[in-house]
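Open the model in a viewer with helices drawn as ribbons and side chains available on demand. The stops below cover two helix pairs and an enclosed space.

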Amino acid sequence: MATLVIASAAAFLVLVNFTAPLATLGEIAGALGAGPAGQTWMLGSISLGLAAALLIAGGFADTFGRRRVFVLGGSGLAVGSVLCAVAPATWLFVLGRIVQGVASAALLVSSLGLLAHAYPAGAERVRATGLWGAMLGGGIAVGPVLAALLTAPAGWRSVYWLIAALGVAVAAGGARLAESRGIPRPTDFAGLVTLGPGIALLVAALTEARTGWGVAVLAWAAPAVALLAAFVVVELRAAEPMIDLRLLRAPAFRAATAGALTSGIAVVSFMTYLPGLLHRLLGLTPLAAAAVVSIWSGVSFLVAAQARRVTPWLGDRRQAALGLGLCAAGELATLGLSAQSSWWHFAPGLAIAGVGTGLCNAALAGLSVRTVPADRAAMGTGANNTARYVGSALGIALVAVVLAAAPGPAGVNYTAAITGTLALLGALMTAMSRERTPAPVGS
């Protein structure tokens, strides 16, 4: 029980921290003098840190111990939060968020790895991973509201001092758990130095595209493509890769990866920008904007907590596909925003998308563990979450490009149409993957 409580608390804190700036971005940007590009980096930098570190963190957790990596993750989250709290300029705030992302990666993969060790396959694992997934939705619901509540009386920096203290508390709790690990494996440094910078450069290219698709975008995109291509080559040739790309031959692993990637690109990115859009276009206060978006995140939390009742009937693959389909329906239901609209315009779609997100989060948590060998549970969760946060980083930059090209309600409608369509495509890809999971190549 202690493992479940502490692992779930870590997942909750990671998402509280992830979503904390959504409702208060204007205050942070004003205090630090950040322009549009700087604000995009403020929103996307934590996804960048997560995406760059999740796979290597999974390998470290399997090799050196999941409890050890968990404690380091909690401590690193505290350090990154202090950097954000004392930041005098945009660059240091962004650096702090990247550090938070790396630390969050360590917490996510090690916490789910600890759960996989503590709960054997079966109903208990379904219940445990379902509750862990519910904490993701709970953190998303609480983060913006908590930040808005604290910012009004104590300023936005107080949010990061609180997160730093909570990071220390999570690390202390994790230190009391039993250690577990997989088979020791060498660190894939070649994969690390190609994946992380490749993702960073690709996000930079999309961020630069806010001002047009010129030579500057190509200057970022060309080395990004080269590094990511090198990553694929390195992983296919490595004796002990951080992720065995041959696992993509397994339909269930492809389903888990496609579902997570789509969730990041099409759902996380849209919801990341929505509080700021409600504040700017509809004149809502930061707290009111966060409360509206909590329709989505609150419903997600409630559904994920009960999704274990649906999983045995649907199966986690079909449940993930249904969840993405509902996310698509919810986002498309927000189309038609105009200057005369009120926040009620978003309520039905956010509720529908919340049901979908809750089903999807709970299913992907279990699917990511089931589709890899037992001794590589942390690698499986790392791969799944990497796909989610690569998608998030790219999706945030893509939404920024759309909103820059079409400001106002039209841009929001374009964004909803694009992300809703992408979510629908992801649902179809996930649904069409067969449930049977063949043995990994080379086993």
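**Stop 1: α13 and α16**

Select residues 316-332, helix α13, and residues 409-432, helix α16: their axes come within 8 Å and cross at roughly 165°. Because of that angle, α13 runs roughly antiparallel to α16, the cut-off being over 145 degrees. The model is a predicted one. Looking at the pair, the crossing of α13 past α16 is left-handed.

Now show side chains. On α13, pick R317, A320, A321, L324, G325, A328, E331 and L332. Their partners on α16 are A416, A417, T419, G420, T421, A423, L424, G426, A427, T430, A431 and M432. Coloured by residue class, the contact of α13 with α16 shows 12 nonpolar, 6 polar and 2 charged residues.

**Stop 2: α5 and α6**

Next select α5, residues 90-118, together with α6, residues 123-154. Two packed helices are described by the angle between their axes and the distance between the axes. For α5 and α6 the angle is about 160° and the axes are 10 Å apart. The two helices are therefore roughly antiparallel to each other. Which hand does the crossing of α5 and α6 have? It is right-handed.

To see the contact, show L108, S111, L112, L115 and A116 on α5. Facing them on the α6 side of the contact are R125, A128, T129, W132 and L136. By class, the residues of the contact of α5 with α6 are 7 nonpolar, 2 polar and 1 charged.

**Stop 3: the largest cavity**

Keep α6 selected, since the next stop involves this helix again. Rolling a probe the size of a water molecule over the atoms shows where empty space is left. Searching the whole structure gives 4 cavities of 30 Å³ or more. The largest of the cavities has a volume of about 190 Å³. To find this cavity, centre the view on L15, F18, I140, V268 and W296, the closest to its centre among the 18 residues that line it.

Which helices each supply at least two residues of the lining? They are the following:

- α1, residues 2-19
- α6, residues 123-154
- α10, residues 251-282
- α11, residues 286-306
- α14, residues 347-370
- α15, residues 377-405

Highlight α10 among these helices: with 5 residues, α10 gives the most to the lining of the largest cavity. Finally, colour the lining by class: 12 residues are nonpolar, 5 polar and 1 charged.

Methods: Residues numbered from 1 in each chain as written. Predicted model: local features only at pLDDT ≥ 70, side-chain atom pairs only at ≥ 80, totals over all residues. Heavy atoms only, no water. Axes fitted to C-alpha atoms, helices over the stretch in contact; angles between N-to-C directions. Helix = DSSP H or I, 4+ residues; strand = E, 2+ residues; numbered from the N terminus. Parallel < 35°, antiparallel > 145°, perpendicular 65-115°, else oblique. Left-handed = near helix turned anticlockwise from the far one by under 90°. Contact = heavy atoms within 4.5 Å. Nonpolar A, V, L, I, M, F, W, Y, C, P; charged D, E, K, R; others polar. 1 Å grid on protein atoms, 1.4 Å probe; cavity = no way out; pocket = protein on both sides within 12 Å on 5 of 7 lines; lining within 4 Å. Points joined across faces, edges and corners; volume = space filled by probe spheres on them.
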